Amino acid sequence: MPSKKSAPPAAERHDLIRVHGARQNNLKDVSVEIPKHRLTVFTGVSGSGKSSLVFDTVAAESQRLINETYSAFVQGFMPTLARPEVDVLEGLTTAITVDQQRIGADPRSTVGTATDANPMLRILFSRLGTPHFGPPGAFSFNVASVSASGGLTVERGSDKTKTEKVTFHRTGGMCVRCEGRGTVTDIDLTQLYDDAKSLSEGPFTIPGYTGGGWVVRIISESGFLDPDKPIRAYTKKERHAFLYQEPTKVKVNGINLTYEGLIPKLQKSMLSKDREAMQPHIRAFVDRAVTFAVCPDCDGTRLTEGARASKIKGISIADACSMEIRDLAEWVRGLDEPSMAPLLTALRKSLDSFVEIGLGYLSLDRPAGTLSGGEAQRVKMIRHLGSALTDVTYVFDEPTIGLHPHDIQRMNDLLLRLRDKGNTVLVVEHKPEAIAIADHVVDLGPGAGTAGGTVCFEGTVAGLRASDTVTGRHLDDRAALKDSVRTPTGTLAIRGAAANNLRDVDVDIPRGVLTVVTGVAGSGKSSLVHGSMPADEGVISVDQSPIRGSRRSNPATYTGLLDPIRKAFAKANGVKPALFSANSEGACPTCNGAGVIYSDLGIMAGTSTPCEDCEGKRFDASVLEYHLGGKDISEVLEMPVTEAEAFFASGPAATPAAHKILQRLQDVGLGYLTIGQPLTTLSGGERQRLKLATHMADKGGVYVLDEPTTGLHLADVEQLLGLLDRLVDSGKTVIVIEHHQAVMAHADWIIDLGPGAGHDGGRIVYEGTPAELVKSRATLTGEHLAEYVGA
């Protein structure tokens, strides 16, 4: 009698991650089953709910459950995570998220300090460097040298005390002059004031330093200076009091105030702030008045002379950090020191991972803040490549961002390698080349924002191609080369560009046309366009750096849209505009206009609950009685851009100023965003397009866009190309740094850098029309573009 087929062990039945009833952000009760040990790609238009499902539901709950395994004491030191809105989540494994968040732009953070490479190099030099200089800290530019001496009171017995002399010394590697930053700042005094004028004549050209203001009155009436004497006629003592005086108490009109020299005052009030967080007019002043120069003491290496003098085989730690990582890996391979074998093995492995992932062109002293989103994501990947962990869920957010088509194949291989080690790999992606390697595809949509949030398709790539979803229809889209290209109206000359890896490049960028600058990652595109553009050209640069904003900031506040809306409400109801701001007089008194009440539960996870008084509307009940076009202010802020654009276009709510801003938001493909949605919930691509919308009204004639297709679905790329055409047709010069072949094919002119990355790049390998590039297939870009357009 044949034996009954035995059922699989219970453990093997858990081969799926089951999500039931997910309602996070715009998800509409989504239920989906994700196979484990497979590579699953999540597709869909921007704003369809991909990140809400993958990051905010699956990865967030995995992280929260892991945190709950720690003791309450340890949890008190960890970030508090709320449970995502979902009915059932089963089969979760430990999730490792590799996102595109830029690595902190602290001036002391470099590629070496952000990874394990620098600490290992410091130990290596402290052991093998000659002459010996000190412990590992002596080779760190973040450790200052410290000396101290004094008396230490020691108690002996019941009533005896004895004072012993002690001295303490710590050798650090920080350069004293630049404090480990590598650059020194210099303030151009001519940009602060007109020295031909006296204080009473209003000499200042600093924002906020106006004639009758308190700042100027304190300087004029401090008693240190003669208000009617021209600044250039000051004595040495007066000049010191004017520019460098320590904080000193003074009396002005019987009021006790503090007077301080102009330079320290500016350094505290303006120069200590992050440049990106400044208001535009203050940023323009800082850019004008402050110059950054390489520190003359350490020559930009950030290290003391002693740390630079200690060498291994003629190479100092500063030399090692300035080498390209692939060259440094070769140098480390040549070191043979049995006593340091474990460290050398670990260091080689770390450096080889950089090369393998396509970042061999970086150097360890490269400031972390200068890495692009794609580079930052790949730097974070390095620590996971050699990991012995398996059965982990890796979550990637568009890992192909910033990659040339030539490099995408290498990234695909890495993702497949992680899967083949027995891991579950979840990828949010738009590029067809990356979607093609998926074992399983989940397509969300059909639209964005409130029109999305449902699963349109689950299955194989072949099934997706045959399906009638937006992604399925556009998966094989290919932009064609233009029949004719525009004629330039002039040229923008760049001469002798030598920033980073550029090799003394001379190039003429045509004006009045769409120019695409391309080349493999690390070939010098950003260095050419951002680092070498003539300063007097009025360039409007729109990059992907994060928008600084709290959870109270939203597209309406960021774009200036809220001002005309508030004024329209105020005019229609005969009250003041401040009532219609949730950050001002109109705020709900219970939640102070936040819409939610935040409860910090100390050692437990904090919670946020909708405010009961305003029901999350953020406004005082009395404010909601005022209407414009039949809607109150909270209902207007709940509208998507497309709906608001129609609302303010005509009828009783017609507001031309608001309509104009909303049209620009729609032009850049953000029609699905709710105008009151917190900025903290926007993706990198959405942030860049929001910036572009605010800059479209600027007067400058040259627009520089940095990979504007980031985060864009195949269907939206077409709309972006239309927007670029409109910008060019309105008389602007548009320069785009881009890897997407559709944008290259649509260009009037292509500048291709290469041929490789780092010291193998930095040269122009092609200038001309896309058609000529396809015809000649002269470069890597040419080959991939020809393949793309089917030539």
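In these legends a residue is called buried under 20% relative accessible area, exposed over 50% and partly exposed in between, with a 1.4 Å probe and protein chains only. The model is predicted, so local features need pLDDT of at least 70 and side-chain atom pairs count only at pLDDT 80 or more, while totals for chains, interfaces and linings use all residues. Residues are numbered from 1 along each chain as its sequence is written, and side-chain values use heavy atoms, with hydrogens and water left out.

**View 1. Two aromatic pairs, one stacked and one edge-to-face.** Rings of Phe, Tyr and Trp (its six-membered ring) pair if their centres lie within 6.5 Å, and planes under 30 degrees apart count as stacked, over 60 as edge-to-face and the rest as tilted. The structure holds 13 such pairs, among them the stacked pair of phenylalanine 125 and tryptophan 331, at 6.3 Å centre to centre with 20° between the planes. This pair links distant parts of the chain, 206 residues apart, with phenylalanine 125 in helix α4 (residues 117-128) and tryptophan 331 in helix α11 (residues 325-333); helices are DSSP runs (H or I, at least four residues) and strands likewise (E, at least two), numbered from the N terminus. Phenylalanine 125 is buried at 1% relative accessibility, and tryptophan 331 is buried at 13%. Phenylalanine 133 and phenylalanine 139 make an edge-to-face pair, 6.0 Å centre to centre and with 80° between the planes; phenylalanine 133 is partly exposed at 26%, whereas phenylalanine 139 is buried at 2%.

**View 2. The buried residues of helix α8.** In this helix, which spans residues 280-289, Ile282, Phe285, Val286 and Ala289 are buried. Seen down the axis of α8, the buried residues fall within an arc of 100° and so line one face of the helix, the arc being that of the directions from the helix axis to the C-beta atoms.

**View 3. An open sheet of 6 strands with mixed pairing.** The strands follow the order β21-β24-β25-β20-β26-β27, where two strands pair if DSSP finds at least two bridges between them. The edge strands, each pairing on one side only, are β21 and β27 (763-768).

**View 4. Strand β21 beside strand β24.** These two strands run parallel and are joined by 4 bridges, with valine 539 opposite valine 702 and serine 541 partnered by valine 704. Strand β21 (residues 539-542) has a covered face, Ile540 and Val542, and an uncovered one, Val539 and Ser541.
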